[in-house]
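Grab a pencil and work through a few exercises on the chain shown here. Try each task before you read its solution.

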Amino acid sequence: MSPTVAVVGGGYAGISVAAQLDDVADVVLVEPRDAFVHSVASLRSLADPAWIDRIFLPYEGLLPRGRVVHDRASRVDHRGTTLASGERIAADYTVLATGSGYPFPAKLAEHESTRAKDRLRAAHRELTASDRVLLLGAGAVGLELAGEIKAAWPQTAVIVVEPGPEILSGAFTAEFRTEVRRQLDALGIELLLDSSLAAEPATEPGTRAPFTAATRDGAQISADIWFRCYGATVNTDYLAEDLAAARGPGGRLAVTPDLRLVGQERVFAVGDAAAVDDSPTAANAHAHADTTAANIRAMIGGGRPSAHTPRPGGIALPLGPDAGASYRPDLGVLGADATADIKGRGMMLDAYRDLLNAVGTGAR
Ligand SMILES: Cc1cc2nc3c(=O)[nH]c(=O)nc-3n(C[C@H](O)[C@H](O)[C@H](O)COP(=O)(O)OP(=O)(O)OC[C@H]3O[C@@H](n4cnc5c(N)ncnc54)[C@H](O)[C@@H]3O)c2cc1C
């Protein structure tokens, strides 16, 4: 009999671990969404509705042997997972891959694709009717969204308000920030650094409803619509007492070097949910998945798990399909053409269509 591996969460890390172990274990992937959401391209799908159908990929082709259970894990302990429906999945190994949430449109809270798509289409219509857009936060999400809006609606004014002294907090070089700022200027995106609103606009984010908001230093900003571009939250609120001690500040899960939950033999944590010394990216989620799948495979065969090697951070930051900048520790700063090749044009979609065997399913 094959051991059972329960993978909790079918995002970037979860689908990768599940697919890699399908030939050696009975894999059960627990995921409440009815389709995989390629959030890396969510901002593009807001600006260009031709992308909306593309970012939702069916799970059906992922596991030739295993199964995908569409439900939320409500309680996970070291022996298995209890679903919101009450069903219990006993497991020999558990992989916690429940990732993170982010305000709309960067990540989508809706579990039904039709509702998520409707929301994206509605926000696109609201943006089309808007002349001035306010974005709160000049991290990667805020800047990528600013670039997407400018590419789709060049006449629309885009104002980005950032409380910090610089764009893109994190371990990026000054050269990278300078190149991004040069392109933001060229696109006519207005950047207000060291500035924050005294209070968030009273209108709903993503809804066209003209407003004027005051900054803490007394300036007035008028816009038709705004989006919150900060506030990632980690999804780890479902752990039973035996696992909950691993939850650290912000909800991320403390892991050993081989990505097992601290104090646990057969429970692993990967992706944005895991407190690994790297940045929360899909690329790193895949790297965690590779290590974890190899470790579980080794343990099933009677071997021992190996340590994960965190990768130095890199980023591809498109500002629309044809602009943007990237940083790679080995190559340094890459400009607009390279960024369009890495992410901006194809939005890394093909790799996920391949992984999910979604080619030819109408997902494109
Ligand atoms: C706009 C945007 C652009 C980005 N661009 C890039 C990029 O270009 N390159 C890059 O490398 N990274 C990028 N990222 C970061 C990347 O999306 C995240 O790092 C990635 O989503 C993390 O993957 P994950 O598998 O850990 O979690 P997630 O992708 O968050 O997936 C977690 C899954 O777990 C499910 N889940 C949650 N709770 C439960 C529960 N209780 N039970 C069962 N399932 C549950 C969720 O429904 C979800 O499907 C981007 C992020 C955003 C928002």
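The exercises below go from the whole chain to single residues and ring pairs.

This is a predicted model, where local features need pLDDT of at least 70, side-chain atom pairs count only at pLDDT 80 or more, and totals for chains, interfaces and linings use all residues. Residues are numbered from 1 along each chain as its sequence is written, and side-chain values use heavy atoms, with hydrogens and water left out.

**Exercise 1. Overall build**

Task: work out how many helices and strands the chain has, and how its radius of gyration fits the globule rule.

Solution:
- Start with the secondary structure: the chain holds 9 helices and 21 strands. Here helices (H or I, at least four residues) and strands (E, at least two) are DSSP runs, numbered from the N terminus.
- Next, apply the rule: the radius of gyration is taken over C-alpha atoms, and the globule rule is 2.2 Å times the number of residues to the power 0.38. For 364 residues a compact globule would come out near 21 Å, and the chain agrees because it has 21 Å.
- Then look at the box: along the principal axes, the C-alpha atoms fill roughly 65 × 40 × 40 Å.
- Finally, check burial: 52% of the 364 residues count as buried. Buried means under 20% relative accessible area, exposed over 50%, and partly exposed in between (1.4 Å probe, protein chains only).

**Exercise 2. Odd backbone spots**

Task: find the cis peptide bond, then say where methionine 348 and asparagine 357 lie and what sign their phi has.

Solution:
- Recall the background: most residues other than glycine have a negative phi, and most peptide bonds are trans.
- The bond from phenylalanine 104 to proline 105 is cis, with omega near 5°. Proline 105 sits in the loop between strand S10 (100-101) and helix H3 (113-128).
- Methionine 348 has a positive phi, near 60°, and lies in the loop between helix H8 (336-344) and helix H9 (349-355). Its relative accessible area is 34%, so methionine 348 is partly exposed.
- Asparagine 357 also has a positive phi, about 50°, and belongs to the segment after H9. At 47% relative accessibility, asparagine 357 is partly exposed.

**Exercise 3. Serine 16**

Task: is serine 16 buried or exposed, and which residues does it touch?

Solution:
- Place it: serine 16 is in helix H1 (residues 12-21).
- Get the accessibility: with a relative accessible area of 5%, serine 16 is buried.
- List the neighbours: leaving out residues up to four places away in sequence, serine 16 touches His286, Ala289, Asp290 and Leu355. Contact means heavy atoms within 4.5 Å.

**Exercise 4. Aromatic pairs**

Task: count the aromatic pairs, then describe the one between tyrosine 12 and tyrosine 352.

Solution:
- Set the rules: rings of Phe, Tyr and Trp (its six-membered ring) pair if their centres lie within 6.5 Å; planes under 30 degrees apart count as stacked, over 60 as edge-to-face and the rest as tilted.
- Count: the whole structure gives 6 aromatic pairs.
- Classify: tyrosine 12 and tyrosine 352 are edge-to-face, at 5.0 Å centre to centre and 80° between the planes.
- Trace the sequence: tyrosine 12 is in helix H1 and tyrosine 352 in helix H9, so the pair ties together parts 340 residues apart in sequence. Both tyrosines are buried.
- Compare the angle: phenylalanine 172 and phenylalanine 176 have ring centres 5.5 Å apart and planes at 50°, so that pair is tilted. Phenylalanine 176 is buried, with a relative accessible area of 0%.
- Finish with the cluster: ring pairs link Tyr12, Phe36, Tyr59 and Tyr352.
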